[in-house]
Amino acid sequence: MSHVIVVDHPLVQHKLTLMREADTSTASFRQLLREISLLLAYEVTRTLPMTTKRIVTPLEPMDAPMIEGKKLALISILRAGNGLLDGILELVPAARVGFVGLYRDPDTLQPVQYYFKVPQSLEDRMTIVVDPMLATGNSSVAAIDLLKKAGATNIRFLCLLAAPEGIKRMQEAHPDVDIVTAAIDSHLNDHGYIVPGLGDAGDRMFGTK
Ligand code: URA
């Protein structure tokens, strides 16, 4: 069974509370998302494999720690994933980036694919899938299905908020994929929104409502 890691750092929790508030402006929401994604990126990359490199400091040679292997792959589930992606790229600027376009059919709540473009050699990379809201889990599961078909084997999922229903769905479909989140909320409402949540993450970050 995969692990669910809740990042309970005070800075993350404080910023998340500000993001949840209904009267937080689009500009503030975006800024907070950027800041929080840096902190979440720190946690989601904690298990990156390490090696050492022989270097020479001004005082003496040493075997210094370095990240091993090919560059990370960051996969954004469009469109809300892009809000998390920007912050993570500030911390890991050399990461390779892919996009999975899925929209949620409003009647069935099932994901429909409209775009898929990912880096090469996924089998050799840690692949971090980002989507702020793990709600029903349908899109996340579908995106990870596609990534596994494309070769990814070492996958982690990063979100801001998760619903218990989404976690269950992900753990059933992809028990090998650890989930990193800032909070686990109460439940989903009849429209598939996380409660208490923060509303529609895409609308709030792009100001489309
Ligand atoms: N997507 C969102 O943006 N918000 C939710 O609460 C659920 C899915």
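**Figure legends: overall chain and three close-up views**

**Figure 1. Overall view of the protein chain in the predicted model.** Of the 209 residues in the protein chain, 46% are buried, where buried denotes under 20% relative accessible area, exposed over 50%, and partly exposed in between (1.4 Å probe, protein chains only). The model is predicted, so that local features need pLDDT of at least 70 and side-chain atom pairs count only at pLDDT 80 or more, whereas totals for chains, interfaces and linings use all residues. Residues are numbered from 1 along each chain as its sequence is written, and side-chain values use heavy atoms, with hydrogens and water left out. The secondary structure consists of 6 helices and 14 strands; these are DSSP runs numbered from the N terminus (helices: H or I, at least four residues; strands: E, at least two). The protein chain is as compact as a globular protein of its length, because its radius of gyration of 18 Å is close to the 17 Å given by the globule rule for 209 residues. The radius is taken over C-alpha atoms, and the rule is 2.2 Å times the number of residues to the power 0.38. Along the principal axes, the C-alpha trace spans about 60 × 35 × 30 Å. Of the contacts (heavy atoms within 4.5 Å) between residues at least 6 apart in sequence, 64% join residues at least 24 apart.

**Figure 2. Close-up of helix H5, residues 164–173.** Gly166, Ile167, Met170 and Gln171 are the buried residues shown here. They lie on the same side of H5, because they cover an arc of only 130° around the axis; the arc is that of the directions from the helix axis to the C-beta atoms. In an α-helix, residues three or four places apart point the same way, because there are 3.6 residues a turn. Lys168 and Glu172 are exposed, on the face of H5 turned away from its buried side.

**Figure 3. Close-up of serine 139 in helix H4, residues 138–149.** Serine 139 has a relative accessible area of 17% and is therefore buried. Beyond its neighbours within four places in sequence, serine 139 contacts Ile77, Leu102 and Pro111. Glycine 101 lies 38 residues from serine 139 in sequence, with a C-alpha to C-alpha separation of 9.4 Å.

**Figure 4. Close-up of threonine 127 in strand S7, residues 126–130.** Threonine 127 counts as buried because its relative accessibility is 0%. When residues up to four places away in sequence are not counted, threonine 127 touches Ala73, Ile75, Leu122, Leu147, Ala152, Asn154, Ile155 and Arg156.
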